[in-house]
Structures are given as C-alpha cells and as structure tokens.
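This report goes through the fold and selected residues of one protein chain. The sequence and the coordinates come first, and the description follows.

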Amino acid sequence: MPAEFSCVEKRKRMSSLGPSSKRALIKMKQPGVAPSLLHSGSTFRGQQRSRGNSYQVDVVLQHVDEENDFLCGYFTIYNLTKEYPTLTSYFEGEIIGEKHPFLTRKWEAKLEVDQEHWVRIMSTSR
C-alpha cells in the first residue's frame, strides 16, 4: 500500500526537488485526471466581440498534443448571419510556450499588432 503524506509533508518534499523534477511531477499523467484545461474533449463557451456586436461561441478541442504544443478542434459561432445562424469551423493551433514563442513571425505579424490584440483580450477577461 502506498504511503500517505499530509499536505505539509508533500509541500516539504516538493520544495526539496530541483526544477526539472518538479516539471516531471507536474506533467505526470494520472488516469482519469486532466493535467490542465487543454486536453482532448475540453469544451469552452464564451463571446466574440466585434464592432459593437457580441456572438456566443463554443470551442471543442478534438486533439491536444502537449509534447508538440499542438491542438485542433471546432469553433462554433452563433447568430453571426441570418443566412447561417450557426457556423462551425475546424482549426489547428500552436500552444504558446518554449517551442512556439508568443511572437511567431508567421503571417508577417508585427509585435505591435500582437500586443494590441492581447491587450484587448486581457481587458475583456477581467
């Protein structure tokens, strides 16, 4: 039977580990426990705001590959047009981190443009 430790004992053990050991423990997979919100099957609901309008959106992650910092899924937006009250698009994305930095230099995006968009996102999430 595995030994049981109190929260204080666990904290002491974690503080004695080096950074690489901590990362390994954090990334450790446990059956039935999602290590983060980004996992295959995750769903998110929110709003897209554009030019004074607000649209409900749903995102479903179909596949998340943390090792390669990649994810894909479906993005559904509601009531964008009268012709198509529900539109669903497939997307692929890179998870920002060591492998894919914030400024990717793809699509000829400039740092100022990326910063402007991130500021908008951060201000609406508060």
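The loop between β1 and β2 holds Arg-51. In this predicted model, phi of Arg-51 is near 50°, a positive value in a residue that is not a glycine. Arg-51 has a relative accessible area of 82% and is therefore classed as exposed, the threshold being over 50%.

Asn-79 repeats the theme in the loop between β3 and β4. Its phi is positive as well, about 60°, although Asn-79 is not a glycine. With 58% relative accessibility, Asn-79 counts as exposed. A positive phi near 50° is also found at Asp-69, which belongs to the hairpin of β2 and β3, where 4 residues lie between the strands.

**Chain and sheet**

The chain contains 3 helices and 4 strands. Read from the N terminus, the order of elements is α-α-β-β-β-β-α. Of the 126 residues in the chain, 14% are buried. Among the contacts with a separation of 6 or more, 20% join residues 24 or more positions apart.

The 4 strands form an open sheet in the order β1-β2-β3-β4, with antiparallel pairing. Its edge strands are β1 (43-50) and β4 (86-94), each of which pairs on one side only. On average, neighbouring strands of this sheet are turned by 30° against each other, direction ignored.

The pairings can be followed strand by strand. β1 is joined to β2 (residues 53-65) by 8 bridges, and the two run antiparallel. Arg-45 stands opposite Asp-58 in β2. The antiparallel pairing of β2 and β3 extends over 8 bridges, and in β3 the bridge partner of Val-60 is Tyr-74. β3 and β4 pair over 9 bridges, again in the antiparallel sense. Across from Gly-73 stands Phe-91 in β4.

**Thr-76 in strand β3**

Thr-76 is part of strand β3, which covers residues 70-78. Is Thr-76 buried or exposed? Its relative accessible area is 11%, and because the limit for buried is under 20%, Thr-76 counts as buried. The side chain of Thr-76 makes a polar contact with the side chain of Thr-88 at 3.0 Å. Leaving aside residues up to four places away in sequence, Thr-76 touches Gln-56, Val-57, Asp-58, Thr-86, Leu-87 and Thr-88. One of these, Asp-58, is the residue in β2 that Arg-45 stands opposite.

**Aromatic residues**

The structure holds 1 aromatic pair. Tyr-74 and Tyr-90 form this pair, with 5.7 Å from centre to centre and 65° between the planes. The arrangement is edge-to-face because the angle of 65° is over 60 degrees. The pair links distant parts of the chain, since Tyr-74 lies in strand β3 and Tyr-90 in strand β4, 16 residues apart.

A further aromatic residue, Trp-118, sits in helix α3 (residues 111-124). Its contacts, not counting residues up to four places away in sequence, are with Ile-96 and Phe-102. The accessibilities of these aromatic side-chain carriers are listed below.

| Residue | Relative accessible area | Class |
|---|---|---|
| Tyr-74 | 36% | partly exposed |
| Tyr-90 | 45% | partly exposed |
| Trp-118 | 36% | partly exposed |

The class of Tyr-90 follows from its value: 45% lies between the limits of 20% and 50%, so Tyr-90 is partly exposed.

**Nonpolar core**

Which residues make up the largest nonpolar core? There are 5 in all: Val-59, Leu-61, Val-64, Leu-71 and Ile-95. Strand β2 supplies the largest share of this core, 3 residues. Ile-95 touches two of the other core members, Val-64 and Leu-71. Ile-95 also touches Leu-38, Asp-69, Phe-70 and His-100, where residues up to four places away in sequence are again not counted. Asp-69 is thus both a contact of Ile-95 and the residue with positive phi in the hairpin of β2 and β3.

How values were computed:
Residues numbered from 1 in each chain as written. Predicted model: local features only at pLDDT ≥ 70, side-chain atom pairs only at ≥ 80, totals over all residues. Heavy atoms only, no water. Buried < 20%, exposed > 50% of the residue type's maximum accessible area, 1.4 Å probe, protein only. Polar contact = N/O pair within 3.5 Å; in protein donor to acceptor, adjacent residues only side chain to side chain. Contact = heavy atoms within 4.5 Å. Pairing = 2+ DSSP bridges. Axes fitted to C-alpha atoms, helices over the stretch in contact; angles between N-to-C directions. Core = buried A, V, L, I, M, F, W, Y, C linked by side-chain atoms within 4.5 Å. Phe/Tyr/Trp six-rings, centres within 6.5 Å; stacked < 30°, edge-to-face > 60°.
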